[in-house]
Amino acid sequence: MKKSKRIISLVLISLLTAMIFVGCGSSDISQGIAKNDYPITIQGVTLSSQPMGVSVLSENIADVILAMGYEATLKAKSADCTQRDLSVLPNISIDDVEVMKSLGITLVLVDSEPTIEQKTALEQQGIQVLAITPATSREDCKRLYRQVGSAMKGGKTGYTKGEKSCDNVFYTLDDITRSIPSNGNQSTAGYVYDLEGHVATGDSLWGNLIDYAGFLNVFGDGTNNWLEDIRSIQIANPYYIFCPAGLKAKMEQSEHFRDLDAVRNDRVFELEPFAMKRQGRTMLNTVTDMVQKVYPELFETQ
């Protein structure tokens, strides 16, 4: 009997010990909101506590951080993060490890995985690196915001703020769409990145912005790295074309683009170069800009 009780006691102790370690372990936010802010695991990277300083080397992630109001933790950025609210931050690259260390940076946020050499150099200085890819759809945008929010403020606080911020952006996009007048005929449109044929396809989040602006995206299907055959663009022949600043003049001189209806009839509208690269509140500005260029009367003050 005593031996049996001893075995039971040992089993109970083992179970309690296991529960303690589980309670102290990290929560992978891919499974949902964490019970506690830290420790948490994001994309295979475990953060034991809130980062003391963050370097954002992605204009897209920087835009999401600004949408959540978490920019105060940032200590550096990459040169492509041209958002006005981040202008006071120094520009660095992922290879500026010593600079990051001197700035007190403990976490680096990037779009894609760095090389093994770059990751090792950062880790040797106690700096973690986390790759968070851009969103591919409205639903996937929740994943993007949750990951960024959790990295900045924890798997509970940041996760929740990320969800709410993402919802707010898309609720506003829905409001913009509802405000656009409809005459029963939906005009076709497309966004062209360059003369090589890179376009914003309809199955991408940036391609969806065409739809939020009230147009039918003629580049509906996904293509290889968003590259559309020039002949396919000519056949699609969108009524409106949106493009980065500086590309319109090149289209007018290009043998492949100059005969498109939108080019011949001055229905090509240029947007800021970053307009279709960022998934924070820039998306609201982009859709508003599209609508304003086509329907300027909606923005006239009486």
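How many salt bridges does a search of the whole structure find? In this predicted model, the search returns 9 salt bridges, and three pairs that lie within helices are described here in turn. Side chains of opposite charge can pair when their charged atoms come close.

In helix 5, which spans residues 138–153, Arg143 and Asp140 are 3 residues apart and therefore separated by about one helical turn. Their side chains form a salt bridge in which the closest N and O atoms are 2.8 Å apart, and both Arg143 and Asp140 are buried.

A spacing of 3 residues also applies to Arg264 and Asp261 in helix 10 (residues 261–264), so that about one helical turn separates the two. The salt bridge between the side chains of Arg264 and Asp261 has an N to O distance of 2.5 Å. With a relative accessible area of 51%, Arg264 is classed as exposed, because the class begins over 50%, whereas Asp261, at 25% relative accessibility, counts as partly exposed.

Helix 11, covering residues 282–294, contains Asp289 and Lys293, which are 4 residues apart and hence separated by about one helical turn. The side chains of Asp289 and Lys293 meet in a salt bridge with an N to O distance of 3.7 Å, a pairing that qualifies because the cut-off is set at within 4 Å. Asp289 is partly exposed, with a relative accessible area of 24%, and Lys293, at 30% relative accessibility, likewise counts as partly exposed.

How values were computed:
Residues numbered from 1 in each chain as written. Predicted model: local features only at pLDDT ≥ 70, side-chain atom pairs only at ≥ 80, totals over all residues. Heavy atoms only, no water. Buried < 20%, exposed > 50% of the residue type's maximum accessible area, 1.4 Å probe, protein only.
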